Amino acid sequence: MSLVTSKPVPERIADVIEKRLQKIVAGGSYYVAGFEVVRPTRNGNFTPQDNQFIIVQDEIEIVSDLMCPGNPPAMAYRITYNIFAHSLCSETDITPADYFSNYLMAEIKRAIVDAPAWYHMEGLAIDSQFGSPALISNDGGVDGINVPVQVTFRVTEGDMMEVRG
Amino acid sequence: MTLRDAIEADSLKVFLNLGEFAETVTYYPHKAFGQAVRPPRTIRAVVFREDLVTLGEDDGQTVVPQFTVHVKNDSAEGISSTEIDLGADQLEFPRRDGKPPEKRSILRMIDQDHGMLVLQCH
């Protein structure tokens with residue numbers, strides 16, 4: 001249930017990331033045929049599938065060094081958006097599992113940076129950078145890789161809807 | 001009749017009895033690497049609808065419903081252990097009793113014998 005007409009900046013950044021990942025699903029020059037991009041709901045709204053991208057927010061930390069004084073002051077935050085890429089190829093596929101993970105990692109990065117001054121996230125962020133990718137450990141279930149994107153942004157203290165430069 | 005034969009014979013009429021705990025589900029085989037497309041089929045299954053679990057592969061950051069599904073080890077009336085393609089094959093059944101059916105990926109085979117397969121879906 002939504003009671004507001006404008007979105008908090010972290011939510012708008014998540015929308016930008018989702019929109020960029022949709023390029024992999026749309027096809028074009030991407031090597032991976034993306035299946036879907038999902039932002040999970042509280043009770044799980046997806047079933048794991050091949051070439052599926054799951055966006056989940058992780059830590060939110062205050063970046064004190066980037067805060068600005070003022071009335072009101074500007075607060076700086078850094079949020080990590082984890083992009084889990086699932087790989088569930090056929091059991092009969094003789095391709096090494098890491099092959100798919102490597103391609104997914106490459107295509108995620110290519111899609112995220114596919115925009116002018118991509119790190120500003122369409123004017124919402126001060127800076128963005130990729131975190132260390134982590135292979136999803138396969139215990140017989142889902143394979144794949146996590147590519148984190150760390151986004152630093154500034155908002156008015158007490159109003160996370162208002163971007164501050 | 002040997003015990004082995006009896007187990008195989010009982011898999012459908014005893015363990016997968018539609019008048020008791022079994023229901024009909026749809027099996028969607030994945031197109032195996034380098035092979036022809038396999039058509040879906042309706043089979044019997046006993047579905048244990050379990051709680052939400054964290055998807056460990058995603059560092060526990062996502063939750064998905066978990067289902068344990070018992071099917072006959074047979075290529076016509078169930079799913080045979082030789083044809084199943086874990087991770088790619090899917091089963092379609094309602095998430096809750098009375099809800100419309102949804103496709104769920106078969107991720108693991110928990111147990112198997114010549115009569116039955118026990119599969120884990122999410």
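**Entry 1: the barrel in chain B**

In what order do the six strands of chain B close into a barrel? I traced them as β1-β2-β3-β6-β5-β4, with antiparallel pairing. I was looking at a predicted model. Neighbouring strands of this sheet are turned by 45° against each other on average, with direction ignored. I then checked what packs on the sheet. Helix α1 (residues 3–15) of chain B does, and it touches β2, β3 (63–72) and β6 (116–121) of chain B. The direction of this helix makes about 120° with that of β3(B).

I reminded myself how strands hold together. Strands of a sheet pair through backbone hydrogen bonds, either parallel or antiparallel.

Next I looked at one pair. Strand β1 (residues 23–28) and strand β2 (residues 41–54) of chain B run antiparallel and are joined by five bridges. On β1's partner strand β2(B), I found B:T42 opposite B:T26.

**Entry 2: strand β6 of chain B**

Which strands pair with β6(B)? I found β3(B), antiparallel over six bridges, and β5 (residues 101–112) of chain B, antiparallel over five bridges. On the β3(B) side I noted B:K72 opposite B:M116 of β6(B). On the β5(B) side, B:I106 has B:C121 as its bridge partner. I also saw that β5(B) and β6(B) form a hairpin, with three residues between them.

Is β6(B) buried or exposed? Six of its six residues are buried, so the strand is largely enclosed by the rest of the structure. I sorted the side chains by face. B:M116, B:V118 and B:Q120 lie on one side, and B:L117, B:L119 and B:C121 on the other. Both faces are covered. The general rule I had in mind is that side chains in a regular strand alternate between the two faces of the sheet.

**Entry 3: cysteines**

How many disulfides does the structure hold? I counted zero over all chains. B:C121 is in no disulfide, and its nearest cysteine sulfur, that of A:C89, is 18 Å away. A disulfide needs the two sulfur atoms within 2.5 Å. I also looked up exposure. B:C121 counts as buried, at 0% relative accessibility. A:C68 is partly exposed, with a relative accessible area of 29%.

**Entry 4: chain A and its core**

I moved on to chain A. Its secondary structure comes to two helices and seven strands. From the N terminus on, I read the elements as α-β-β-β-α-β-β-β-β. The C-alpha trace spans about 65 × 35 × 30 Å along its principal axes. Of the 165 residues in chain A, 43% are buried.

Which residues touch the most other members of the largest nonpolar core? I noted A:I13, A:I17, A:L21 and A:M121, out of 32 residues in that core. The elements giving two or more residues are α1 (9–26), β2 (52–62), β3 (74–87), α2 (97–112) and β6 (143–156) of chain A. The largest share, seven residues, comes from α1(A).

I followed A:L21 further. Leaving out residues up to four places away in sequence, A:L21 touches A:V37, A:F53, A:I55, A:I83, A:I108 and A:I112. Apart from this core lies another, of 16 residues, among them B:V71, B:L91, B:F93 and B:L117.

**Entry 5: confidence**

I finished with the scores. Chain A has a mean pLDDT of 91, with 95% of its residues at 70 or more. Chain B has a mean of 89, with 93% of its residues at 70 or more. Among the elements of chain A, strand β5 (residues 134–136) has the lowest mean, 89, and strand β4 (residues 127–130) the highest, 98. The model scores ipTM 0.85 and pTM 0.90.

Methods:
Residues numbered from 1 in each chain as written. Chains lettered and ligands numbered in written order. Predicted model: local features only at pLDDT ≥ 70, side-chain atom pairs only at ≥ 80, totals over all residues. Heavy atoms only, no water. Pairing = 2+ DSSP bridges. Helix = DSSP H or I, 4+ residues; strand = E, 2+ residues; numbered from the N terminus. Axes fitted to C-alpha atoms, helices over the stretch in contact; angles between N-to-C directions. Contact = heavy atoms within 4.5 Å. pLDDT = per-residue confidence, 0-100. Core = buried A, V, L, I, M, F, W, Y, C linked by side-chain atoms within 4.5 Å. Buried < 20%, exposed > 50% of the residue type's maximum accessible area, 1.4 Å probe, protein only.
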